[in-house]
Amino acid sequence: MLYLSAEDVESLISMKEVIDTIEIAFGEMAKGKVIMPPRTTVMLEKYNGSISLMSSYIPSMDAFATKIISIYPDNREKSLPTTAAWIFVNNPENGQLEAIMDGTYITALRTGAVTGVAAKYLAPKKSKIAAVFGCGVQGRTQAWALAETLELEMIRVYDLSEESMMKFSDEMTEKLGVDVIPSVSGRAAVEDADIVATATTSPSPVVHRKWLKDKVHVSAIGAFYPSYRELDTEIIKDSKLVVDEIGSIMHEAGDILIPINEGVITADHIFCELGDIIIGRMEGRTKHDGITVFKSVGVAIQDSSVSSLILKKWLKTQ
Ligand SMILES: NC(=O)c1ccc[n+]([C@@H]2O[C@H](COP(=O)([O-])OP(=O)(O)OC[C@H]3O[C@@H](n4cnc5c(N)ncnc54)[C@H](O)[C@@H]3O)[C@@H](O)[C@H]2O)c1
């Protein structure tokens with residue numbers, strides 16, 4: 001059985017390739033050309049964790065994969081990753097298991113990449129300043145994908161842990177060739193920002209409407225429980241709201257479900273899915289748009305598309 005470690009994956013694929021693949025996969029979903037049952041999540045409240053199962057099939061890519069992903073926010077205290085994943089890739093033609101891959105790095109890559117794709121269509125033109133909340137594993141690939149997609153001059157970061165923020169700033173300044181600067185507060189991080197990405201484990205808002213300038217794009221990927229959110233109600237209310245997949249969002253995304261339960265918005269407030277914009281069915285940012293929000297809880301086609309490409313690239317090296 002082929003096993004690809006995180007290091008194998010890293011040597012086989014670039015962020016640019018992941019962004020391109022994710023864009024195609026979301027386009028396929030918008031055309032109704034994927035099979036993707038809802039994610040099943042088991043909550044393990046005793047341990048403050050959850051384990052989910054995500055399967056999908058993309059015929060045009062001949063891609064079938066299943067991911068097991070666990071989210072344990074307290075793991076950092078045990079020097080274990082908050083988000084850990086394993087991906088099982090089956091051959092769609094005969095059903096046989098072809099590879100098992102470390103899915104932790106792939107998850108971070110594809111979660112960054114979807115923010116990159118959304119920024120391509122929704123970020124204000126000539127965006128120069130980005131703010132990233134959460135200096136953990138996902139925060140790194142959020143910053144990376146934004147730097148890959150936009151011509152950024154500066155990335156400001158904010159985390160509750162000063163140590164994580166300092167480490168992130170040094171590491172990512174060197175990796176991205178863009179100034180990555182720690183902030184004294186969340187408010188200071190978003191000041192003048194053209195684009196904001198949130199990738200925290202926080203259950204309550206880390207960004208507030210009153211901090212944002214008029215034209216800004218916000219990508220929120222951290223929270224995926226109905227009771228968790230990273231953006232306040234006012235941001236959602238005032239935004240052109242784009243999501244990764246409406247069914248998953250209405251099941252999992254507190255960022256949207258809480259304002260709905262408060263009676264401030266209805267489900268109709270969701271403008272469209274990202275794929276609708278990719279295939280030209282709906283418009284991305286226009287000159288009339290102020291705040292745009294992309295909310296992602298993560299969907300299985302991100303994993304099947306990227307793991308399939310990795311397997312194809314590995315086979316070529318043999
Ligand atoms: N949407 C998706 O597809 C997707 C995929 C993977 C993970 N996630 C989610 O992303 C989140 C982050 O995951 P990770 O693996 O990077 O975790 P991580 O533990 O590596 O990083 C999280 C960071 O958030 C910081 N943080 C927590 N509360 C904060 C606050 N109020 N303000 C600022 N910073 C705060 C922590 O200090 C930590 O540095 C998790 O909630 C996870 O469920 C989403």
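The points below go through the domains, the ligand shell, selected strands and a few single residues of this predicted model.

1. Domains. The assignment splits the protein chain into domain 1, made of 2-106 + 301-316, and domain 2, covering 112-298. Domain 1 is thus written as two segments, 2-106 and 301-316. Between the C-alpha centres of the two domains the distance is 22 Å.

2. Domain contact. On the domain 1 side 18 residues take part in the contact, and on the domain 2 side 24 residues do. Within domain 1, helix α2 (residues 15-30) gives the most to the side that touches domain 2, namely 10 residues. By type, that side of domain 1 holds 10 nonpolar, 4 polar and 4 charged residues.

3. Position of the ligand. Where does the ligand shell lie with respect to domain 1 and domain 2? Both domains give residues to the shell around the ligand, so it lies between them. The shell counts 29 residues, and the closest are T82, T83, G136, Q138 and G298.

4. Make-up of the shell. Of the residues around the ligand, 16 are polar, 11 nonpolar and 2 charged. Helices α3 (104-122) and α4 each supply at least two of them. The largest share comes from α4, with 3 residues.

5. Strand β7, burial. Is strand β7 (residues 129-133) enclosed or open? With 5 of its 5 residues buried, β7 is largely enclosed by the rest of the structure. In a regular strand, side chains alternate between the two faces of the sheet. For β7 both faces are covered: I129, A131 and F133 are buried on one side, A130 and V132 on the other.

6. Strand β7, pairing. β7 has a parallel pairing with strand β8 (residues 154-158) over 5 bridges, and within it A131 has R156 as its bridge partner. The chain gets from β7 to β8 by way of helix α4 (residues 137-149), in a right-handed β-α-β crossover. A parallel pairing also links β7 to strand β10 (residues 195-198), here over 4 bridges. In that pairing F133 stands opposite T198. Helix α4 therefore appears twice in this note, as the connection from β7 to β8 and as the source of the largest share of the ligand shell.

7. Strands β3, β4 and β5. Strand β3 (residues 49-58) runs antiparallel to β4, with 9 bridges between them; I51 has S70 of β4 as its bridge partner. The two strands form a hairpin with 4 residues between them, and in the turn D62 has a positive phi of about 50 degrees. β4 is also antiparallel to β5, joined to it by 8 bridges, with I68 opposite W86 of β5.

8. Residue S308. S308 belongs to helix α11 (residues 300-316). Is S308 buried or exposed? It has 23 C-beta neighbours inside 10 Å and so counts as buried, the cut-off being 20 or more. Setting aside neighbours within four places in sequence, S308 is in contact with M61, D62, A63, A65 and V89. D62 in this list is the turn residue of the β3-β4 hairpin. F64 is 244 residues away from S308 in sequence, yet the C-alpha to C-alpha distance is 7.4 Å.

9. The loop between β4 and β5. K78 sits in the loop between β4 (63-71) and β5 (83-90), and S79 is found in that loop too. K78 is exposed because 8 other C-beta atoms lie within 10 Å; S79 is exposed with 6, the limit for exposed being 12 or fewer. From K78 to A197 the separation is 119 residues in sequence and 26 Å in space, C-alpha to C-alpha.

10. Positive phi outside glycine. Most residues other than glycine have a negative phi. Which values does the model give for S79 and D192? S79 is not a glycine but has a positive phi of about 55 degrees. D192, likewise not a glycine, has a positive phi of about 70 degrees. The place of D192 is the loop between α6 (186-190) and β10. D192 is exposed, with 11 other C-beta atoms within 10 Å.

Methods:
Residues are numbered from 1 along each chain as its sequence is written. This is a predicted model: local features need pLDDT of at least 70, side-chain atom pairs count only at pLDDT 80 or more; totals for chains, interfaces and linings use all residues. Domain bounds come from an automatic or database domain assignment. Two residues are in contact if their C-beta atoms, placed from the backbone, lie within 7 Å. Ala, Val, Leu, Ile, Met, Phe, Trp, Tyr, Cys and Pro count as nonpolar, Asp, Glu, Lys and Arg as charged, and the others, Gly among them, as polar. Two strands pair if DSSP finds at least two bridges between them. A crossover is right-handed if, with the strands pointing away from the viewer, the path from the first strand over the helix to the second runs clockwise. A residue is near a molecule or strand if its C-beta atom, placed from the backbone, lies within 6 Å of it.
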